[in-house]
Amino acid sequence: MEKGELRKLQAFLRRSFGNDDIRVTLDPKNTENAAVHLGERKIATISVDDEDGDRSFAFEMKIPVGREVLQSYLRKLFENDRLTIVARGRKTDSVELNSDGEFLGVISADDAKLSSFTLQIAILDFDLEEEE
């Protein structure tokens, strides 16, 4: 991943989550990936997807809480009350994460007991164009 991409990804995530404390750096364990930090804490990874000639990025964050506190956990973590959890029709194992009504990503259950989740956000090249 290039430094320019890291800067654009950081700006995109700061805007999306409404938190300027988010930092995106190269992952020292795997320089093909980026590490996402909130303060001093690593909260997520971003990997590159170059399939089909289109460059995109996959944000993945583990969320160690149950469904009943998912929204409040994310709001507190990012210090952003505009983050909302929205049901996905008949699906009971996943929800959508929105910010100010805009879709950010999908949060899927890691287990049948709904005791932990994973947030996934697909970040396309054109999502980063305004971050120049």
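Q: pLDDT is the predictor's confidence in each residue, on a scale from 0 to 100. This model is predicted; in which element is confidence lowest, and in which is it highest?

A: The general caution is that predicted coordinates should not be read in detail where pLDDT is low. Here the protein averages a pLDDT of 92, and 98% of the residues score at least 70. Confidence is lowest in strand S6 (residues 91-99), at a mean of 92. It is highest in helix H2 (residues 70-78), at 97.

Q: How should salt bridges be read, and how many are there?

A: The general idea is that side chains of opposite charge can pair when their charged atoms come close. The cut-off is a side-chain nitrogen of Lys or Arg within 4 Å of a carboxyl oxygen of Asp or Glu. By this rule the count is four salt bridges. One of them joins the side chains of Arg-55 and Glu-5, at 2.5 Å from N to O. This pair links distant parts of the chain: Arg-55 lies in the loop between S3 and S4, Glu-5 lies in helix H1 (residues 3-17), and 50 residues separate them.

Q: With which other residue does Arg-55 form a salt bridge?

A: Arg-55 also forms a salt bridge with Asp-50, where the closest N and O atoms are 3.0 Å apart. Through shared partners, salt bridges join Glu-5, Asp-50 and Arg-55 into one network. The accessibility of each member can then be examined. Glu-5 is buried, since its relative accessible area is 12% and the limit for burial is under 20%. Arg-55 counts as partly exposed at 25%, and Asp-50 likewise counts as partly exposed at 45%.

Q: Which residue meets Asp-27 in a salt bridge, and which parts of the chain does the pair tie together?

A: The side chain of Asp-27 meets that of Lys-42, at 3.4 Å from N to O. Asp-27 lies in strand S1 (residues 22-27) and Lys-42 in strand S3, so the pair ties together parts that are 15 residues apart in sequence. Asp-27 counts as buried, with 7% relative accessibility, whereas Lys-42 is partly exposed at 42%.

Q: How is a charged surface patch recognised, and which residues form the negative one?

A: The reasoning rests on a cut-off: patch residues have over 30% relative accessible area and no salt bridge, and like charges are joined within 9 Å. In this structure, Asp-49, Glu-51, Asp-52, Asp-54, Asp-125 and Glu-129 form a negative surface patch. Asp-54 may serve as the worked case. Its place is the loop between strand S3 (41-49) and strand S4 (56-63). Asp-54 has a relative accessible area of 55% and is therefore exposed, the limit for that class being over 50%.

Q: How should backbone torsions be inspected, and which residues other than glycine have a positive phi?

A: The approach is to note the sign of phi and the residue type, then to locate the residue in the fold. Glu-79 has a positive phi of about 50 degrees although it is not a glycine. Glu-79 is placed in the loop between H2 and strand S5 (83-88) and counts as exposed, at 65% relative accessibility. Leu-114, also not a glycine, has a positive phi near 55 degrees. Leu-114 sits in the loop between S7 and S8 and is partly exposed, with a relative accessible area of 27%.

Q: How does separation in sequence compare with distance in space, for instance for Met-1 and Ser-47?

A: The two quantities are read side by side, with the spatial one taken from C-alpha to C-alpha. Met-1 and Ser-47 are 46 residues apart in sequence and 8.8 Å apart in space. Met-1 belongs to the segment before H1 and is buried, with a relative accessible area of 17%. Glu-60 and Val-106 are 46 residues apart in sequence and 10.0 Å apart in space. Glu-60 lies in strand S4 and is partly exposed at 34%.

Q: Where is Lys-113 found, and is it buried or exposed?

A: Lys-113 is found in the loop between strand S7 (102-109) and strand S8 (117-124). Lys-113 is exposed, with a relative accessible area of 75%. From C-alpha to C-alpha, Lys-113 and Thr-92 are 11 Å apart, with their positions 21 residues apart in sequence terms.

Note on methods. Residues numbered from 1 in each chain as written. Predicted model: local features only at pLDDT ≥ 70, side-chain atom pairs only at ≥ 80, totals over all residues. Heavy atoms only, no water. Patch = residues over 30% accessible without salt bridge, like charges linked within 9 Å, V, L, I, M, F, W, Y side chains within 5 Å. Areas by Shrake-Rupley, 256 points an atom, 1.4 Å probe, with all protein chains shown as cover. Lys, Arg positive; Asp, Glu negative; His and termini not counted. Charge placed at Lys NZ, Arg CZ, Asp CG, Glu CD. Helix = DSSP H or I, 4+ residues; strand = E, 2+ residues; numbered from the N terminus. Buried < 20%, exposed > 50% of the residue type's maximum accessible area, 1.4 Å probe, protein only.
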